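Got the viewer open? Here's a walk through the model, one selection at a time.

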Amino acid sequence: MPRTRTVQPATPIRDNSVGRQRVINRMMRGILNSPLHGLMSRRLTLLYVTGRKSGARYAVPLAYTDHEGQILLVSPGSWVRNLRGGATLEVQHHGRRFTATAEVAEDPDRAWEIAVALLPPNPVLRRFQQIELDETGLPRRDQVEAAQERGARFIALQPAD
């Protein structure tokens, strides 16, 4: 099996998370950027986001689902505002680094579409976002809307060709 070479970013990475989450994020970034990425790559991907105003660079590990050529995510983080308007960003996904274009779902129907594909296979993510599945196996729409009211943003990344 060929070895994947990862490249560390030239710009220092900032971490806006607090307490325990900061320690966990630091460990996840280290693992996802190492030859050991396979331990976590099936569950987590790493986004490199640049602040629009500050220019600061953030590395954000997130749970994801691959769906029809896109990478689907949800996050309550304030950093998501840096992805609005079809921003491009770097993604470390399954040991590969590439550029992608972000779509932050502003429309409730688009957020619902992302949630339907993202949440059923991710019980930990559902628990974190406080969203249960209904009797048909779909996320409860009222709980998806409540998560959005609490700040959750549903995101679709389209990898560049």
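**Stop 1: the largest core**

Start by selecting Leu 47, Trp 79 and Leu 157: within the largest nonpolar core, a set of 20 residues, these have the most contacts. Bear in mind as you click around that this is a predicted model. Now color the elements that give two or more residues to this core: β2 (44–50), β3 (57–63), β5, β6 (88–93), β7 and β8. Which strand supplies the largest share of the core? That's β7, with 4 residues.

Stay on Leu 47 for a moment and show what surrounds it. Leaving out residues up to four places away in sequence, Leu 47 touches Tyr 58, Ala 59, Val 60, Leu 62, Leu 73, Trp 79, Leu 89, Glu 90, Val 91 and Leu 157. There's also a second, separate core, made of 19 residues; to find it, select Ala 117, Ala 147, Phe 154 and Ala 156, which are among its members.

**Stop 2: zoom out**

Switch to a cartoon of the protein chain, and you'll have 4 helices and 8 strands to look at. Trace the chain along its sequence and the elements come in the order β-α-β-β-β-β-β-β-α-α-α-β. Of its 161 residues, 45% count as buried. If you draw contacts, take those with a separation of 6 or more: 58% of them are between residues 24 or more positions apart. Turn on the surface, and you have about 9,400 Å² of accessible area, 52% of it belonging to carbon and sulfur atoms.

**Stop 3: helix α2**

Next, select residues 108–118, which make up helix α2. Which residues of α2 are buried? Show Arg 110, Ala 111, Trp 112, Ile 114, Ala 115, Ala 117 and Leu 118 as sticks: those are the ones. To see what covers them, add β4 (65–67), β5 (70–75), β7 (96–104), α3 (123–129), α4 (141–149) and β8 (153–159), which are all included in that cover.

**Stop 4: charged pairs around α2**

Side chains of opposite charge can pair when their charged atoms come close. Keep Arg 110 on screen and add Glu 103: their side chains form a salt bridge, 2.9 Å from N to O. Glu 103 is partly exposed, at 30% relative accessible area. Arg 110 also makes a salt bridge with the side chain of Glu 113, at 3.1 Å from N to O. Glu 113 and Arg 110 sit 3 residues apart in α2, about one helical turn, and Glu 113 is partly exposed at 47%.

Now pick Asp 109 and Arg 141, whose side chains meet in a salt bridge of 2.6 Å, N to O. Asp 109 belongs to α2 and Arg 141 to α4, so this pair ties together parts that lie 32 residues apart in sequence. Both ends are partly exposed: Asp 109 has a relative accessibility of 43%, and Arg 141 has 31%.

How many salt bridges does a search of the whole structure find? The count is 9. For another group to click on, select Arg 57, Glu 90 and Arg 97, which are linked in a salt-bridge network.

**Stop 5: the loops on either side of α2**

Head to the loop between β7 and α2 and pick Glu 106. Is Glu 106 buried or exposed? Glu 106 is exposed, with a relative accessible area of 52%. Its side chain makes a polar contact of 2.7 Å with the side chain of Arg 84. Try a C-alpha distance as well: Glu 106 and Ile 155 are 49 residues apart along the chain, and their C-alpha atoms are separated by 9.4 Å.

Then jump to Asn 122, in the loop between α2 and α3. Asn 122 is buried, at 14% relative accessible area. Setting aside neighbours within four places in sequence, Asn 122 is in contact with Tyr 64 and Thr 65.

**Stop 6: helix α4**

Last selection: Gln 143, Val 144, Ala 147 and Gln 148, the buried residues of α4. Look down the helix axis and you'll find these residues within an arc of 145°, so they line one face of α4. Their cover includes α2, α3 and β8. Just after α4, click on Gly 151, which takes a positive phi of about 115°.

How values were computed: Residues are numbered from 1 along each chain as its sequence is written. This is a predicted model: local features need pLDDT of at least 70, side-chain atom pairs count only at pLDDT 80 or more; totals for chains, interfaces and linings use all residues. Side-chain values use heavy atoms; hydrogens and water are left out. Buried means under 20% relative accessible area, exposed over 50%, partly exposed in between (1.4 Å probe, protein chains only). Contact means heavy atoms within 4.5 Å. Accessible areas come from the Shrake-Rupley method with a 1.4 Å probe; for residues, only the protein chains shown count as cover. A salt bridge is a side-chain nitrogen of Lys or Arg within 4 Å of a carboxyl oxygen of Asp or Glu. A nonpolar core is a set of buried Ala, Val, Leu, Ile, Met, Phe, Trp, Tyr and Cys residues joined through side-chain atoms within 4.5 Å. A polar contact is a pair of N or O atoms within 3.5 Å; within protein, one must be able to donate a hydrogen and the other to accept it, and residues adjacent in sequence count only if both atoms are side-chain atoms. The arc is that of the directions from the helix axis to the C-beta atoms.
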